Structures are given as structure tokens and as C-alpha cells.
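Work through these exercises with the model open beside you. Try each task before reading its solution.

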Amino acid sequence: MIIINARSDLAVELNSRVSDTSGIICETEKNSIITVTRIKVINEQGEKSLGKPKGNYVNIDIPDLLYHGGDYEELEKIIIKEMRNFSFPENNVLVAGLGNRNITPDALGPAVADKILATRHLSPYLRRQTGLTGLKDVSVIQPGVLGQTGVETLEILKGVISSCNAEGLIVIDAFAAAEPKRLGTTIQLSDSGISPGSGVGNDRKEISQKTVGIPVIAVGVPTCLDAALFGNGQKRETPMIVTPREIDLLIDRAADTLSLSLNCFLQPFTDRSLLLSIV
């Protein structure tokens, strides 16, 4: 069940509400376990209908996989394949884990960033000595949230991008969904940027190629749900957000899956077993 007026960060949910699809291209690909939905917003009418800026949105649905664990290699391959379809630099990438690690449903970004292999600081000599001469330059940051730092995330990222001359930015954040079944079971990738907090009505400044000057890939998993119309169907006076009771497990499993996928995407010539040891 979709709650019609509930907020959602997921393009696949928003697309299900659209009546005029003239500016939206949607295709779905399924196998026995995983469903990939690719949505492309191609013009202003599409932006208006979907409520999302022009760009590509990929929703990867993996029912139960993040809850039950196991070998995520097939999912990892799909994530990497879809990310490679975006126009994105191959080197000198900044990875930013957005969110507040002290609030579990918002801790996905920092949890993923903890497991990303940072390499920009490694000297050519050290890379030769360790047999890792093929490593790409990657920087990692956890900018926190405005309430912790007093600084907008966008301002922090622009400063770091300028300082390290980053050529591409990957941001990871927790998303909001409108369908309970999507909590922890959908991964969204997009090249249109992100507005942190938009899913829970706490919009911060947009992080996109338009605002930071370099290509941006946004990655996330829904960890909370707008409870606006739960219960007796009456809209609540006080906004409420709900999250699964297994949220700690959800964050851990999602962080493992995303960090391994991103490490393999960023370091394509590095042995997977080495990257797996980092997660």
C-alpha cells in the first residue's frame, strides 16, 4: 500500500503516482530475486510530474536480502553495472557519507563511509611497495549534519572539493519511503544529486553538479517511513516518522552491501577479496 500524501525519496514510488508520463521514460528488468527499475526524467514536464530534477534514477529492489544476509555478489555486480552507466570520472573521487551517526535511521551514510577505502593520501612509493599501483585516488568525508556543525553540508563539500580538486562526488544518505515493504529492500542510485532531509520534510541545500561543479552520484536506502496517514486514515497534526525495529541490522547490512559495491566501482582493478576484507 502506498500512502498517497506520504513523502518519498524513491523515484519508483513517485512514478507510480504520475498521471502524465510524457516527460518520463521508465523500464523494468527482473530476474528471480532482483528487480531493476530505470527512470529517466527528460524535460521540465517530467520534473513537474515526478517532483524530481532531470536525470537518471535507478531503483534496485532486493526483497528480504538485506535482512537475511548472505553473498551479495550478484547485487554488487548490478549496482556497479548501473553506476557505470552514469557519466562519471574514473579517478580523484570524493565519497561523502551524509547523516547523523548518533541517530540510527540516519546513520547509513557514516556507516558506509567508515568502510570506503581512502587512497588519495598514499604515496606512489607506498603503492609500489604494497603492489597496489593501480589504485585510484579516493577521498572520504563524513560532514555530519547542520545541527552538529553549524555549517551546511553543501558548504563543507564545496570546500573539500576545492581543496582536493575532486573530479567526482558520491553521496550516500538514508532515504524515506512511502511503502513499508521498501524499507531496507530498495537501493536508489541517481545522477541528479540530492537534497538531504527532503524525505522527512527537513530539506537542506541541494547537492548536485549544478551546485558543486562536478558530477554527482547519489546512493541511498530507505530506512524510515512517513506515518502521515497510518491508523484511522486521518492526517496527524504532529508529523511522525517510523522505522523498522530491526533498524540496526538494516543499517549494518546495507552499509556492508553499499561499501563493497562502491569500493569495487572505485577500484575496478583491485582484487575483490582485498576489498571484502575492508567491509
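Against which elements do the buried residues of α8 pack? They pack against β4 (93–97), β5 (138–141), β6 (168–177) and α9 (209–212).

Some ground rules come before the next tasks. This is a predicted model, where local features need pLDDT of at least 70, side-chain atom pairs count only at pLDDT 80 or more, and totals for chains, interfaces and linings use all residues. Residues are numbered from 1 along each chain as its sequence is written, and side-chain values use heavy atoms, with hydrogens and water left out.

**Exercise 1. The whole protein**

Task: Find how many helices and strands the protein has, and what share of its residues is buried.

Solution.
- Step 1. Count the elements: there are 11 helices and nine strands. Helices (H or I, at least four residues) and strands (E, at least two) are DSSP runs, numbered from the N terminus.
- Step 2. Turn to burial. Buried means under 20% relative accessible area, exposed means over 50%, and partly exposed lies in between (1.4 Å probe, protein chains only). Of the 279 residues in the protein, 50% are buried.
- Step 3. Look at contacts, meaning heavy atoms within 4.5 Å. Take those between residues at least 6 apart in sequence: 70% of them join residues at least 24 apart.

**Exercise 2. Helix α8**

Task: Compare the length of α8 with its expected span, then find where its buried residues lie.

Solution.
- Step 1. Helix α8 covers residues 153–164, which is 12 residues. The expected span is 1.5 Å times one less than the number of residues. That gives 16 Å for α8, and its end C-alpha atoms are 17 Å apart, which agrees.
- Step 2. List the buried residues of α8: T153, L154, L157, I161 and C164.
- Step 3. Look down the axis of α8. Its buried residues fall within an arc of 115°, so they line one face of the helix. The arc is that of the directions from the helix axis to the C-beta atoms.
- Step 4. Check the other side of α8: S162 and S163 are exposed there.

**Exercise 3. Two asparagines**

Task: N92 and N165 each have a positive phi. Which is buried, and which is exposed?

Solution.
- Step 1. Place N92 in the loop between α4 (73–84) and β4. Its phi is near 55°, a positive value in a residue other than glycine.
- Step 2. N92 is buried, with a relative accessible area of 10%.
- Step 3. Place N165 in the loop between α8 and β6. N165 is not a glycine, yet its phi is about 50°.
- Step 4. N165 is exposed, with a relative accessible area of 56%.

**Exercise 4. Strand β3**

Task: Name the strands that pair with β3, and say how enclosed β3 is.

Solution.
- Step 1. Strands pair if DSSP finds at least two bridges between them. Strand β2 (residues 35–41) and β3 pair in the antiparallel sense over seven bridges. Here T37 stands opposite N59.
- Step 2. Strand β7 (residues 186–190) also runs antiparallel to β3, joined by five bridges. I60 has I187 of β7 as its bridge partner.
- Step 3. In β3 (residues 55–61), six of the seven residues are buried, so the strand is largely enclosed by the rest of the structure.

**Exercise 5. The largest nonpolar core**

Task: Find which residues touch the most other members of this core, and which element gives the most to it.

Solution.
- Step 1. A nonpolar core is a set of buried Ala, Val, Leu, Ile, Met, Phe, Trp, Tyr and Cys residues joined through side-chain atoms within 4.5 Å. The largest has 38 residues; I60, L108, I170, I172, L189 and L258 touch the most other members.
- Step 2. Elements that give two or more residues to this core include β3, β7 and α10. Helix α10 gives the most, with 11 residues.
- Step 3. Apart from this core lies another, of 31 residues, among them V12, L98, V171 and V216.

**Exercise 6. A residue of α10**

Task: Find which residues beyond its sequence neighbours I247 is in contact with.

Solution.
- Step 1. I247 lies in helix α10 (residues 247–266). I247 is buried, with a relative accessible area of 7%.
- Step 2. Leave aside neighbours within four places in sequence. I247 is then in contact with T104, P105 and T223.
- Step 3. I247 and P105 are 142 residues apart along the chain, but their C-alpha atoms are separated by 6.5 Å.
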